[in-house]
Amino acid sequence: MNSRPHSSRPHSPRPLSRRSVLRGAAGALISLPFLEALTSRSLVAAEPAGGTRPIRLLWLHSESGIWMPEWKPTTTGTNFALTPILEPLAPYREEISVLSGLFHANAFKRNAQAGRHVQDGMCHLTATDLGGTPDVAVKNGISVDQLAAETIGEKTRVPVLNLSIDRNATMSFSAGGTPVPVDWDPREIFSRLFADNSPDAKKLAEARYLQQRSVLDDAMETTRDLSTKLGTTDRQKLDEYLSTVREVERRATVTRTWADRPAVSAPEGTKPPGPPPDKDRTAYVRLLMDLMVLALQTDQTRLATLRLGFMGCMYPDIGCPDSYHNYTHHDFKADKQAAMAKVDQHRIAHLAYFLGKLKAVKEGEHDLLHHCVIHYGTGMGADHETTDLANLVIGRGGGALKPGQHLDCKGKPLADLYVRMMATAGMPIKAFADSSGALNGL
Amino acid sequence: MRDVSRATPWLLLSVLLSSRALAGDVLTTYCVSCHGPEKAKSGLRVDTLLKTRVDEATLPMWKEILSRLETRDMPPKDKKRPSESEYGTTIARISADVVKVETVLEAKRPRAMRRLNRSEYANTIRDLFAIDYVPGSDFPADDALHGFDNVAEGLNLSPTLVGKYLATATQVVERAIRIGDKPSLRTQVYAFDDEKYRYADNAKPAGLAVYNGNAHLSFKPANGMARVIYIGGPALFARQHQHLLHRQSGQNEGVWRLSVRMTPRNFPAVEVASFTLLGGDGRLVAERDVRIDAGTKEVVLNVEAYHDRSAEEIGFELQWTNGYYQNWPNRRNPPSKDHYQSNHWFLYNHRLVDGKWQEWKPSVPEESPFPYFENVEFTISGPHHDLWPPASTQSLLGSYLSDGDATKVFARFLPRAFRRAVTATEIERLATLVAAQRAAGLDAVAAMKVGLTAALCSPHFLFLVEAPPVAAARGTYQLSGFELATRLSYFLWSSMPDDELRALAVAGTLGDPAVLTKQVARMLADGKSAALTANFARQWLGLDKLASVMPEPKLFPNYSESLRDATRDETLAFFREVVAKNLPITDFLDARWTFLNEALAEHYGLPAVPGRLLQKVDLSDARRGGLLTQASVLTLTSEATRTAPVKRGTYLLDHIFNRPPPPPPPNVGSLIPDASQAKSVREHLAIHRADIACSGCHARIDPYGLVLENFDAVGAWRTSEAAHSDPTKATNHDGVKSQTFLIDATAELKDGSHLDGIADLKQHLLARKLDFTRGLAERMSVYALGRGLLISDRGDLDVMVKTTATDSFRMQSLIHAVVMSKSFRTR
């Protein structure tokens, strides 16, 4: 589980890059320039096969909550005033809707095995009750992005892009609650999106595929042989292994068919990124956002998730050097609450940057943002509260949504929003977790 | 007068016939009023239950009823209750039915094949290939069942995991087989030169990157004064780090050696300096304690670490972890408005004069009166290879490079990888695979790598295969020599059998009790038995929960990650010692010794122990000694701001006696504090006693937690408790009433006996050492067998308890008894 203690001593035996901040002599942060060249000069989306523009679904998340008093607009409807935390979104006001009153009832049920922080991280996209039987590991459900990937994932080279600045935790879970590891290294993400298409690289990939096939075929044959020697009472797990190996082989085959398709190169002028800018979180978040835009623009994927803040994040460069989690335990001290709000606003500024990049990509008569439905959410509200949460829906879903409002959803399941998102992207589902219908009014 | 002799048989018959009816009568008389058609408390309807038989569907409810009757929890004290004999007959009747049904169900259940879990996979790779590589750190976590992550039914498979097996197998084989020219060994000395390496301008000469810590934080709060001196040179001060990043291109994979020399200055008396060396990836490489006194001229540290080939930078981080940096009051919130989060940076610029912080920048190290090390010099050399090609490659390939005979390779490798004798067919199959790869264009070595990868993805490697004949009923199949060797080695070593075990399996003598006994003793003495501590003890004692506790820093400013790790290590070292020295398991309940280091001794208020490394220490303080007095257990059973007697009581029932209480009924809220007055934790829990529905279980749980109240939420001793009216706002001083209470560590148990504090608790537990032995035997059996326990195991467990008790409750006796049991040797 991905809970993390919030003390940080200077010399803990962890990778230096994880949380420490390298300072220059004068105490200034070494900051890396955003990789402007990364978002390409050809800001036009790729033409999809079949003509209709696909709707992209994106989920952005930051852990541990948000300072609700400076987040929630005081009035509902379309004329609401932007609150301080939402200020950075002013240029995109028409594209965003603020949703109040949505929450995950099941996911935040009192649980002796998994505290609220664990639930925040693990259940944001699954809305599942982890269950709390002592001696038995908690069990998660499938997350909505993986559900979507199962449906439309094979239409793109990358079924779903799960990104995070925290390589140790994921909010994506496949069927059965198996965690799906995140991609956090910009270099690997880039090479996943724009694999080397030279004949040599293709030959190498093909050779590697054939070797894998050899190994997996052998594993399947051996397992079958062994199974037949055993009675039914002993073969269960082996049969499970067999079907799992078969699934891995099937996925490898699907990936291989992509290698035969016309090459997709990165837009002209795009420079491959370097290692994760651990020392400058703003650069890191924005780099991952650039990569998301690139992936969507080139139709390498239509689904993505991004965790852009976690519990232990510290933001000394904006004057909030303590961990975010410590600010959430503000004990009614005004300066801590202000710090929490400042970090929240800082994160919303990242979102604004992202929207700007999406809007800058032309797509048909509109832009890429027009064809997105983006959810930004925090798992908890202020004070570790779990019913009064911050949720944003951004984008028009190709015209299906009418953003620009503050909607009071009056305690409906947040999963209703997920159902609505799926429907907008052409994947109507009857229910998801504790939802039994799509959220209306968007 | 009635003729009794003639009436007796009728009397007996009617008693027999009515015993079942009697049980039903008892339940009807005493239970249905609350659990019947009028009221169905907790959703239980005894009347409808009585109409059905005890079967698979109703089994859980009957077991619950049985448990409540056995503990006399039900009916509640304020209702009409059966007599003792009624309790007795009812329990006996229901037990008999439950056992009958369970036995049938158990016989039908599939026996799962157990796959290697993460830790077992890594250890097996280590032993199979003799390489220093820890795979599996990015494997999905294994699911635990019955408290352990090596239980066959709980271990799931997913495409993610299998994908990882494939990728990892490829990498492992790459690492194991290294051919070509021997990488050249290079040595580089880094002696600091003020001019060249001063951090101030962050200059990095080509080919070399050195970061000096640039803040000195050596100060002594003993007399309340602190002084800070800024140093920008090649010195090492208390609590500071020195980083070394050596860049070298080419084949860097292998063992790298680092030697650090430095000169101690200003050390007045005898001092133990603790050092930690980390690798560039943050991995712990070594910990050293060095004794320094006024006569010590030089300190030299020598360490070794393995670096993998992709690293062009070989990094080390040296820390002097103790020293004069003591617990600075209110460390988390320095007494200044400066927003520097780390003490380094604050102290970089300030000094405390007359209780006020002032900006200050001194210029030379000589100004420091405090101990420090100067002239730090690093010598780094690598990659070292004693053998080339490395031992792993030679033992794998043999003569393959010259004769290309794949059959020979697999004939040698497969019996070890599959942990049994292999057939010619199995060998041929992989040799054919290699040949096919060669035909496809791969060179000999590359083709062989594919074959070895295939072996590592085989179910014979990934699973602990036990192959009873198809029709064999559960428990009737005697394990083969290899199967027994495998079970044994994964129990005690979490890894594959070694050559000696394999030889005994081949010879067919492993099953002989004398041989088995000797092997168990040998294996426990082998260093690989550290896995028993790392895996069994960690899970038995629930220590993983420690990673997520967050004691409120305002209330517990001395609690840090390093203290937390030390408490965990103390408990694990304690377990290891009980095993290694074959001490009585009653030491877990009460002992006159433990393991301490500097930080722990201070935390416990015990006589000082110098240095960072744990040492065994005798305890004269009767308040400490035994698991329930160890900070690890006490902390993981607490909340962030206060103790949690319910958690502690539950822990004791669960981990000491393996008889956990049932979970609370659904929809019961958490304690709702009465905000109008401050209450001690004990007073808050009074609700449990007052409410009849709660007291059934809580009368059993709470007392065990309340007697531990002298230990605060991080395990320190206390005699009073500062309580606030809302325990969740313990640190809020705005208008929240607070009060200090004297700790009351008395408790009354269900049987009426009275306990006062830890001393009484220890006596109470020791009086129940047979129950403890049973609980530990059960837990250890689950771990050793890799499955949940069955009714058919009860006989074996009885023997284990008896055997251990007869041998003064010695730990190794218990382990031997587990191995000798029928359950362990059959499937």
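Reader: What makes you say that both faces of strand β14 (residues 593-596) of chain B are covered?

Author: B:W593 and B:F595 stand on one side of β14(B), B:T594 and B:L596 on the other, and all of them are buried. Buried means under 20% relative accessible area, whereas exposed means over 50% and partly exposed lies in between, with a 1.4 Å probe and protein chains only. This is a predicted model, in which local features need pLDDT of at least 70 and side-chain atom pairs count only at pLDDT 80 or more, while totals for chains, interfaces and linings use all residues. Residues are numbered from 1 along each chain as its sequence is written, chains are lettered from A and ligands numbered from 1 in the order in which they are written, and side-chain values use heavy atoms, with hydrogens and water left out.

Reader: How do you know that β14(B) and strand β15 (residues 615-618) of chain B pair, and in which sense?

Author: Two strands pair if DSSP finds at least two bridges between them, and β14(B) and β15(B) share four bridges in the antiparallel sense, so the condition is met. B:L596, for instance, has B:Q615 of β15(B) as its bridge partner. The elements themselves are DSSP runs numbered from the N terminus, with H or I over at least four residues for a helix and E over at least two for a strand; by that rule chain B has 30 helices and 19 strands, and chain A has nine helices and 13 strands.

Reader: Why is helix α19 (residues 561-580) of chain B described as largely enclosed by the rest of the structure?

Author: Of the 20 residues of α19(B), 14 are buried, and the helix is therefore largely enclosed. From its first C-alpha to its last, α19(B) reaches 28 Å, which is close to the 28 Å expected, the expected span being 1.5 Å times one less than the number of residues. The helix is followed by B:N582, where phi is positive, near 55 degrees.

Reader: Why is the aromatic pair of B:F536 and B:W540 called stacked?

Author: Rings of Phe, Tyr and Trp (its six-membered ring) pair if their centres lie within 6.5 Å, and planes under 30 degrees apart count as stacked, over 60 as edge-to-face and the rest as tilted. By this rule the count comes to 25 aromatic pairs over all chains. One of them joins B:F536 and B:W540, at 6.0 Å centre to centre and with 15 degrees between the planes, and is stacked. The two residues are four apart in helix α18 (residues 530-540) of chain B, which means about one helical turn between them. B:F536 is buried at a relative accessible area of 0%, and B:W540 is likewise buried at 0%.

Reader: What makes the pair of B:F536 and B:Y783 tilted?

Author: The centres of the rings of B:F536 and B:Y783 are 5.3 Å apart and their planes stand at 55 degrees, so the pair is tilted. B:F536 belongs to α18(B) and B:Y783 to helix α27 (residues 769-785) of chain B, so the pair ties together parts that are 247 residues apart in sequence. B:Y783, at 3% relative accessibility, counts as buried. B:F536, B:W540 and B:Y783 are among the members of one aromatic cluster, which also includes B:W593 and B:F595.

Reader: How do you know that the charged end of B:K528 sits over the ring of B:W493?

Author: A charge sits over a ring if NZ of Lys or CZ of Arg is within 6 Å of the ring centre and within 35 degrees of the ring normal. The charged end of B:K528 is 4.4 Å from the centre of the ring of B:W493 and sits over it. The charged end of B:R487 sits over the ring of B:F824, 6.0 Å from its centre.

Reader: Why does B:L628 count as buried, and what is it in contact with beyond its neighbours within four places in sequence?

Author: Its relative accessibility is 8%, so B:L628 counts as buried. B:L628 lies in the loop between β15 and α21 (631-636) of chain B, and its contacts (heavy atoms within 4.5 Å) outside that sequence window include B:V633, B:Y651, B:L708 and B:L765. Although B:L589 is 39 residues away from B:L628 in sequence, the two are 7.3 Å apart in space, C-alpha to C-alpha.

Reader: Why is A:T128, in the loop between α1 (116-123) and α2 (144-152) of chain A, placed in its burial class?

Author: The relative accessible area of A:T128 is 18%, and A:T128 is therefore buried. Leaving aside neighbours within four places in sequence, A:T128 is in contact with residues including A:N106, A:C123 and A:K139. For chain A as a whole, buried residues make up 58% of the 442 residues, while in chain B 54% of the 827 residues count as buried.
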